[in-house]
Amino acid sequence: MQSSASLLQRQKQSLVLTPQMMESIRLLQLAHPELHQFVDQEIEKNPFLERASDQAPKDIPSISAGTPHIGPTMGGVSDRASQWKSIRGKNNVAPGGNNALENYCASTETLHDHVARQIALSAFAPLERRIAGELAGHLEDTGYIQVNLSELASSLNVREADVERVLGTLQQFDPPGIFARTLSECLEIQLRQLDRFDPAMAALVANLEALARRDFQTLKRHCGVDEDDLLDMLHEIRALDPKPGNRFQSGGPQSIIADVLVLPSPGGGWQIELNPDTLPRLLMNQNYFAEVSRLSAQNSKDQSFLNECLQKANWLIRSLDQRAKTILKVTAEIIRQQDAFFEHGVAHLRPLNLKTVADAINVHQSTVSRVTSNKYMLTPRGVFELKYFFTVAIGSCESGDAYSAEAVRHQIKTMVAAESSDEVLSDDDIATRLKDTGIDIARRTVAKYREALNIPSSARRRREKRVRLRCQSSPGGGGDEGGS
């Protein structure tokens, strides 16, 4: 048997991503803080790159959407600025830059500042003040403290009884409930300060797991009370603060800086602009490049380095421009698809997926996914993440247009909010009402959406409405309920 070896030529197509192509793809996904950080790093490495003037350009990238043709741009930068100022005021959104909302917020006292001032004003002995300072250092922003008292006493070379005594004093500080080690202890501290920690209430606090399950029969047996007394006790527990430290600000105010700005266009449709505060504006210093090239013309290595820097600078400027254009194209198509939402609200949100937008603007759906990640849109209806507009479809009972899952969740939330104490809707009732409006939805889907909205079950809502109604009808009950 003979065997022969042969050489064959074959043609094969393959897609190879260059490092620059991979960087361009990554730029699409970056949110504006990471983008500015990336640009700063490139400026440090490239001597020919520099930031443009901080003054906003007169020609902000913009496009009109929702009309059959490209509509006119807004009258001028000053006119647009006043309109954006009005929208930002309605939505409490910081535009970024030097006029950011946090620059106008008064500084708020933190929990640790509040506790430190009380320690300074307390009649502690020097050793007790030292222990109090160590305990305060372990205080969490929620008001709880997680520390082993025995280990702390050993590290301070003091008796554990001294640490426990100082901790007991700190637990009397404001706000009530701080320096607790467990939820039960937090509630107990607050009830003691209200002089309401009797044996029945102690049994209720000791059985918080049964309370979370709404196991009222077990609670009545452990507390030794009837249903009316238990309802009163539950109302008192509801008035307590399970995380007393949360009322204090733990850090600076957080604000969302929108990447895209949307306004009604005078010619119809919507005017879309990129927020100039989120756009890095770069320039190529051609004069510097020419001067350095002239001085290093005799050195091939230096000339090669300069040419490489020039190419990278040109690539980055082109990539940033392409990124801005892609964001505008994707946003314009989203607004075109969801025009009814911008006109009439969330109840008119349509089902939408990435592929629909990608096919409409002739890009890959992974590009749309990257563009919509961690980017926000400022509109007259509020601030929305771009991914908010992509929701699954819920079928129609009459073979009509499908419904957006987000719009269905909104309807469920509206139905529950309109419930009365005499008529609490079960999941079956909600599913039936939705089907009456043409939405084909199963009970289990209603239950899933209700749980995602943090809406309790119908049985739990009925009990809570009974408690609320009872407290409002009792003397002084309305004021307590309103303040909780």
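These questions and answers go through some labels used for this predicted model and the values behind them.

Q: Why is C186 called buried?
A: Buried means under 20% relative accessible area. C186 has a relative accessible area of 0%, so C186 falls under that cut-off and counts as buried.

Q: What makes C309 count as buried or exposed?
A: Its relative accessibility is 5%. The cut-off for buried is under 20%, so C309 is buried.

Q: How many disulfides are there, and what would make a pair of cysteines count as one?
A: The count comes to 0 disulfides. A pair would need its sulfur atoms within 2.5 Å.

Q: Why is E419 called buried, although its relative accessible area is 10%?
A: The label does not require zero; buried means under 20%. At 10%, E419 is therefore buried. E419 sits in the loop between α18 (405-417) and α19 (427-436). Its C-alpha atom is separated by 9.6 Å from that of R461, and the two residues are 42 residues apart along the chain.

Q: Why is D141 called partly exposed?
A: Exposed means over 50%, buried means under 20%, and partly exposed is in between. D141 has a relative accessible area of 42%, so D141 takes the middle label. The loop between α5 (126-137) and α6 (149-156) holds D141. From D141 to K243 the C-alpha to C-alpha distance is 8.8 Å, with their positions 102 residues apart in sequence.

Q: What makes the peptide bond between D174 and P175 cis?
A: Its omega is about 0 degrees. Most peptide bonds are trans. P175 belongs to the loop between α7 (160-170) and α8.

Q: What is the sign of phi in F179, and is this residue buried or exposed?
A: Phi of F179 is positive, about 65 degrees, and F179 is not a glycine. Most residues other than glycine have a negative phi. F179 lies in the loop between α7 and α8. With 0% relative accessibility against a cut-off of under 20%, F179 is buried.

Q: Where does R214 lie, and what is its phi?
A: R214 is in the loop between α10 and α11 (216-223). Its phi is near 60 degrees, which is positive in a residue other than glycine.

Q: Which residues are closest to the centre of the second largest pocket, and what is its volume?
A: The volume is about 460 Å³. Of the 16 lining residues, L211, R214, I237, R238 and R460 are the closest to the centre. The elements giving two or more residues to this lining are α8 (183-193), α10 (208-212), α12 (227-238) and α21 (458-473). Of these, α21 gives the most, with 4 residues.

Q: How do the lining residues of the second largest pocket divide into nonpolar, polar and charged?
A: This lining has 11 nonpolar residues, no polar ones and 5 charged ones.

Q: How many cavities of 30 Å³ or more are there?
A: The count is 1 cavity. About 40 Å³ of space lies in the largest cavity, and that value is over the 30 Å³ used in the count.

Q: Which residues line the largest cavity, and how do they divide?
A: The lining consists of D259, L274, T278, L279, R323 and I327. They divide into 3 nonpolar, 1 polar and 2 charged.

Q: Why are F341 and F342 called an edge-to-face aromatic pair?
A: Ring centres must lie within 6.5 Å, and planes over 60 degrees apart count as edge-to-face. The centres of F341 and F342 are 5.1 Å apart and the planes are at 85 degrees, so both conditions are met. F341 and F342 are buried. The structure holds 9 aromatic pairs, and one aromatic cluster is formed by W270, F341, F342, F384, Y388 and F389.

Q: How do you know that R409 lies over the face of Y449?
A: The distance to the ring centre is 5.0 Å. The distance limit is 6 Å, and the charge must also be within 35 degrees of the ring normal. R409 is listed as lying over the face of Y449, so R409 fits the rule.

Methods:
Residues are numbered from 1 along each chain as its sequence is written. This is a predicted model: local features need pLDDT of at least 70, side-chain atom pairs count only at pLDDT 80 or more; totals for chains, interfaces and linings use all residues. Side-chain values use heavy atoms; hydrogens and water are left out. Buried means under 20% relative accessible area, exposed over 50%, partly exposed in between (1.4 Å probe, protein chains only). On a 1 Å grid over the protein atoms alone, a cavity is a set of points where a 1.4 Å probe fits but cannot get out, and a pocket is an open set with protein on both sides within 12 Å along at least five of seven lines; lining residues have an atom within 4 Å of a point. Grid points are joined across faces, edges and corners, and a volume is the space filled by probe spheres set on the points. Ala, Val, Leu, Ile, Met, Phe, Trp, Tyr, Cys and Pro count as nonpolar, Asp, Glu, Lys and Arg as charged, and the others, Gly among them, as polar. Rings of Phe, Tyr and Trp (its six-membered ring) pair if their centres lie within 6.5 Å; planes under 30 degrees apart count as stacked, over 60 as edge-to-face and the rest as tilted.
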